[in-house]
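Colleague: Please pick one part of this model and take me through it closely, then show me how the rest of the model surrounds that part. I am in my first year, so give the cut-offs for each term when you use it.

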Amino acid sequence: MMSKGFYLDDIDLVKMFIDEWTECLEGLEKEILKLEVHSDDSELLNNIFRRVHSIKGGSSFVGLHCITRLSHEIEFTLDAIRKNRVSVNLELIDSLLLAIDFLNGYIGQLINKLEECKSGENGTIYIEFDDDEKEDSILNGLKQALIQCEKSDKEDEKSVEKSEQEAALEILQSEEFKSRLAEGMKDQFLVECAEHIEKIECQLFSVLNNGSDDSEVINEIFRAVHSIKGGIGIYLATITPDNPDYAGLKELSEIVHNFESLLAIFRDNGMTPEKTLIDLCYEVTDYIKNVVSDDASQECHNVNAGDILEKVNGYTLQLQTTSKNSTNSFVPSVRNSDGKISNIQQKSAVIQSVRVSQDKLDKMMNMISELLIAKNSFMHISSRLNLEYDLPEMSKEIKKVGSYINRISDELQNVLMSIRMVKVKTIFQKMPRVVRDISQTNGKKIELIMEGEDTEIDKTIIEQISDPLVHLIRNAADHGVETPEERLSKGKPECGSVILRAYNKNKSVYIEIEDDGRGIDVENVKKKAVEKGFITETEAGLMSKGQLMNLIFLPGFSTAKQVTEVSGRGVGMDIVKSNIEKINGNIAIESEVDKGTKFIIQLPLTLAVSHGLIVEAAGETYIFPLEYIVETVKIPRNSIHRFNKKYFTHLRGDVIGVEWLSKIFLTGDCETEKDELNAVIISNGADKYAIIVDKLKNEQEFVVKTLDGHLGSIPGISGSTLLGNGQVVLIVNPADIIQLAQK
Amino acid sequence: MKGKRLMIVDDSPAIHVIIERAAAANGYEVCAHAKNGDEAVKQYKLTMPDVITMDITMPVKDGLAASKEILAENPDAKILMLSAMGDEEIIKEAKDIGITHFLKKPFKGEEIVNVINNMISNQSGG
């Protein structure tokens, strides 16, 4: 056996390689699928070969032997195809795809682990993969498939499939390592099956929702069913007939196979999915799920396999007789499905697109940001020409050019932003599974309603928001929604609902997670917070409902009575909040006991450029990000009251705290002569605070430059930026400011 | 080996980094980078490096074809071919067209520098 772990000593190099590999692997799956039909396309083969080869070469440099070995075997198989030593068949493609998936998995693990050990930037890190045995089984699958292809060359298509399966069984049955293989294969199979079923359900859902007659739907379902079949085949090949799973899987294999043939008829004749097919689809997926989940719990399964098989076959026969194209055989005809490939080509002809690495886009965004800063200096020069040099004509002209460039750069920024936009659908899609898992393990009935999936948001933000969202959804399903009995006793419908909603409002994207469950009990929160020593009893007494609610975001706070497997380890909400704040977002809670809880996440459309208000306090210039500003007002000096060393005032019926920015930053005394004070009212979602500054200046776009090192952790400051005249100003972090002001 | 000029041909940027680090530490100047055979031929004509490290499997034009063209341009060009496991047949072909130096991936920085040193001292010796 190979060694289980690896020491990587040059992290930067490894990162470079990983970037290369991800690029190499991207779209490889699709290319390999093309091989099904175009196994003689040498250019296609060379392309695939080269990609795998370069992964092999690279991984050998950094000593990742498992990746080298895996890619070598894939390359070897590809070479055999290239040299025409084997004829490509479905099993071979399947095992290639499996191997590629696995390679992808390795690299994914690698990326995760590298992220985990950020601390020792350039030190040595130790990486351990835990899939050794699975890799062995996949490699064996690949080798077997290759051997089968060599043998069955030039044989009749129908018998090929049979003899292959039998031969594979014979060879593998004699092997000793079979039981070890089986375990690895089983896990893999179960996981994949679940994924494919999810894919099928997702497609079915879209058909039901939009009544779409897109041929791609059938293709997608076909592919998923095909993969499931492949998975069953491989797993079957690794177990003996006396294995308890064997009989059930054999049945399943037959059903899936016939169902695939049925789908092939639909696909090849370009028929639109009709109700009978969809019903059947659901039945088959339910059956698969049944077998697979029974499988997982090691139970026997005697669901009406015969019935379903009969239905599938009956429907197939009916179609075959009615189908005009009677030449279509019963055998799944992937090999002669030219229609599929031409379909894909047609599609790509309609939407012309270029795949660009995110790196390039980031670079471009950076440059446009610089342009925005540079452009601001036009306005600055223009005003200087007017005021200092007394050249009003010149000033006007420069101003004109400036606003022209302004317009162009605005447009440029908008276009680039739209390029970076991704639909939130990409992360919403994960959620049904999350909710389903929880409802199944807890015996709850939960309906997940998703709205506004087409809302777009910057890609980097999407990546950052995914984990917090999963967490919130889990919380809603796990802690929020009650058990059916509890709900019924409260007079609520048995089935709870979780709503995931995204929408645009005022240059921000809002994502809401709403449940109709038990809600957050403020009294409970208060008790817990006092118990855990976050606040004192007297402090608690003075806090508003909103403030109390926000306590759940404190590190180490959890009100769940019982820590469950899925959520509630007491580390959740503070991380959710800090992750959201990292991307300049904001999270607020609305909750009522027994009515439900709503989390509202406000996110900026993009991270790169923000709008802010420039202010002056004690001779220093600062920028307040606009997202946090509620309004700016003038407060008469005599309406500011002082109590217990704190200042406050009345504003539109509310009592809000008042503090001087210069006091918070300890930069000097506040001006005292004025009768009216300029105040910026900021909010962190729960509290409002009036921050007094000397001057309110203009609103401006700014680009955040983060501060490094010891400057990075100054409370109240989130970064710096450049003004048009080259002056460096500090960006205020309003959430921090409110905390500082309250102290 | 002060001042000797090196061209790196490889489609993997990370390999460029590995070679360049080792070469630069030993006084070589990396005068050209190419990421495929086509670029290699063009860059060769422009920069005329003393030594070329040539990857085999690359997009657009592979290392073998590029080496052929470079050798046609200058039969004395010093090409070090970097092969991987499984490239045995190509090595045979490469020997046929007159390439004499090979190094198998993965290599360490000092290994490739040693080979390049040898290639250069052979030239000055003979």
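Modeller: What follows starts with one pair of helices and the loop between them, and then moves outward.

This is a predicted model, in which local features need pLDDT of at least 70 and side-chain atom pairs count only at pLDDT 80 or more, whereas totals for chains, interfaces and linings use all residues. Residues are numbered from 1 along each chain as its sequence is written, while chains are lettered from A and ligands numbered from 1 in the order in which they are written.

The pair lies in chain A: helix H14 (residues 358-387) and helix H15 (residues 392-420). Helices here are DSSP runs of H or I with at least four residues, strands are runs of E with at least two, and both are numbered from the N terminus. Two packed helices are described by the angle between their axes and the distance between the axes. For H14(A) and H15(A), the axes come within 9 Å and cross at roughly 165°. An axis is a line fitted to C-alpha atoms, for helices over the stretch in contact, and angles run from 0 to 180 degrees between N-to-C directions. H14(A) and H15(A) are therefore roughly antiparallel to each other; angles over 145 degrees earn that label, those under 35 count as roughly parallel, 65 to 115 as roughly perpendicular and the rest as oblique. The crossing of H14(A) past H15(A) is left-handed, which means that the near helix is turned anticlockwise from the far one by less than a right angle; clockwise would be right-handed. Where H14(A) touches H15(A), the residues comprise 18 nonpolar, seven polar and three charged. Ala, Val, Leu, Ile, Met, Phe, Trp, Tyr, Cys and Pro count as nonpolar, Asp, Glu, Lys and Arg as charged, and the others, Gly among them, as polar.

Now the end of H14(A) and the loop. Asn386(A) belongs to helix H14 of chain A. Its C-alpha atom is separated by 8.3 Å from that of Lys396(A), ten residues apart along the chain. Leaving aside neighbours within four places in sequence, Asn386(A) is in contact with Pro392(A) and Ser395(A); a contact requires C-beta atoms, placed from the backbone, within 7 Å of each other. Asn386(A) counts as partly exposed because it has 17 C-beta neighbours inside 10 Å. By this measure a residue is buried with 20 or more other C-beta atoms within 10 Å of its own, exposed with 12 or fewer, and partly exposed in between, again with C-beta atoms placed from the backbone. The loop between H14 and H15 of chain A holds Asp390(A). Phi of Asp390(A) is positive, near 60°, although the residue is not glycine. Asp390(A) is exposed, because 9 other C-beta atoms lie within 10 Å.

Asp594(A) also has a positive phi, of about 65°, without being a glycine. It sits in the loop between strand S8 (586-592) and strand S9 (596-604) of chain A. Asp594(A) is partly exposed because it has 13 other C-beta atoms within 10 Å.

Another helix pair of chain A is H1(A) with helix H5 (residues 90-116), whose axes come within 11 Å and cross at roughly 145°. H1(A) passes H5(A) in a left-handed crossing as well. The residues in this contact divide into eleven nonpolar, two polar and one charged.

As for the whole of chain A, there are 25 helices and 20 strands. Of its 743 residues, 35% count as buried. Among chain A contacts between residues at least 6 apart in sequence, 71% join residues at least 24 apart.

Chain A also touches chain B, in a contact of 15 residues from chain A and 13 residues from chain B. On the chain A side, helix H1 (11-25), helix H3 (42-62) and helix H4 (65-82) each supply at least two residues. The largest share of that side, eight residues, comes from H3(A).

Chain B has five helices and five strands, and along the sequence they follow the pattern β-α-β-α-β-α-β-α-β-α. Of the 126 residues of chain B, 40% count as buried. The peptide bond from Lys105(B) to Pro106(B) is cis, with omega near 0°. Pro106(B) lies in the loop between strand S5 (101-104) and helix H5 (109-125) of chain B.

Conventions:
Two residues are in contact if their C-beta atoms, placed from the backbone, lie within 7 Å.
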